[in-house]
Amino acid sequence: MTEYVHTAAAQRLIVALDYPDVAQARKLIDTLQGIPCYIKVGMQLFYAAGPQFVRELKEKGYSVFLDLKMHDIPNTVKGGAHSITRLGVDMFNVHAAGGREMMKAAVAGMEQALSEDATLQRPVLIAVTQLTSTSQQTMNEDIGIPGSVEETVVRYASLAHECGLDGVVSSPLEGPAIKAACGRSFVTVTPGVRPAGADVADQTRIMTPGRAMAAGNDYLVVGRPITAAADPRAAAEQIIEEMNEHVNH
């Protein structure tokens, strides 16, 4: 890719390809060409397009976050982590709610794949704490977890840190508390980022890009404010401009 004016900030933007098919995803990828952002492939697109589309993105020079949120028995998650690592992604995730043994199994599966193929780069392995659509009421009454969302998120983050994961997915609001509990190097990947005036849709715990970066978060995941914009490239560049004010070069 050609050098981009705000490379450091762009590399911390994760654009979510929340599309049902490859044709729409490729159209956006072409629109964003030259911006060295991360690309997030979630369940909808991965189940439709499969591993080959991830390889296609890698061939185009993008960093890929494969967002499948694995949550299963430890042995199954170990196998999934092994396969995902072999695919060559740069970041993937599991659910922290799966517990200590499951998260350790994910690390083991990743490390096994790396030991088998020296050409592979170590991906960033993160755990989902609480979805940014989850309110305290939902967490307390529907999921059955008492206390505040922040308390639960920090507890899950600390457990993921103990298990050898690199970071967590959380809303931008919990970033400072996670860093305080787990250290500055523990990565926070934050959905729930909405530019000022944007539709919040089904998100309940949100921040603007500038505030999310100022709070010390490492990666910002942005979907609909870019993918549903009349001019997706302009929307992405506006977000990167705002992020750039808070990136330490």
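Does Ala-229 count as buried, partly exposed or exposed, and at what relative accessibility? In this predicted model, the place to look is the loop between α11 and α12, where Ala-229 lies. Its relative accessibility is 23%, and because buried means under 20% and exposed over 50%, Ala-229 counts as partly exposed. Setting aside neighbours within four places in sequence, Ala-229 is in contact with Arg-224 and Ala-235.

The two helices beside that loop lead us on to α2, since α11 (224-227) and α12 (232-244) are among the elements that cover the buried residues of α2. Also included in this cover are β1 (13-16), β2 (38-42), α3 (43-49) and α4 (51-59). Helix α2 spans residues 22-31, and its buried residues are Val-22, Ala-25, Leu-28 and Ile-29. Viewed down the axis of α2, these fall within an arc of 125 degrees, so they line one face of the helix. The general rule behind such a pattern is that an α-helix has 3.6 residues a turn, so residues three or four places apart point the same way. On the face of α2 turned away from the buried side, you will find the exposed residues Ala-23 and Lys-27. At the start of α2, a side-chain oxygen of Asp-21 comes to within 3.1 Å of the backbone nitrogen of Ala-23.

Now for the rings. The structure holds one aromatic pair. The ring centres of Tyr-38 and Tyr-219 are 5.4 Å apart and their planes stand at 75 degrees, so the pair is edge-to-face. It links distant parts of the chain, with Tyr-38 in strand β2 and Tyr-219 in strand β8, 181 residues apart. Both tyrosines, Tyr-38 and Tyr-219, are buried. Elsewhere, Arg-155 lies over the face of Tyr-156, 5.9 Å from the ring centre.

Technical notes. Residues are numbered from 1 along each chain as its sequence is written. This is a predicted model: local features need pLDDT of at least 70, side-chain atom pairs count only at pLDDT 80 or more; totals for chains, interfaces and linings use all residues. Side-chain values use heavy atoms; hydrogens and water are left out. Buried means under 20% relative accessible area, exposed over 50%, partly exposed in between (1.4 Å probe, protein chains only). Helices (H or I, at least four residues) and strands (E, at least two) are DSSP runs, numbered from the N terminus. The arc is that of the directions from the helix axis to the C-beta atoms. Contact means heavy atoms within 4.5 Å. A polar contact is a pair of N or O atoms within 3.5 Å; within protein, one must be able to donate a hydrogen and the other to accept it, and residues adjacent in sequence count only if both atoms are side-chain atoms. Rings of Phe, Tyr and Trp (its six-membered ring) pair if their centres lie within 6.5 Å; planes under 30 degrees apart count as stacked, over 60 as edge-to-face and the rest as tilted. A charge sits over a ring if NZ of Lys or CZ of Arg is within 6 Å of the ring centre and within 35 degrees of the ring normal.
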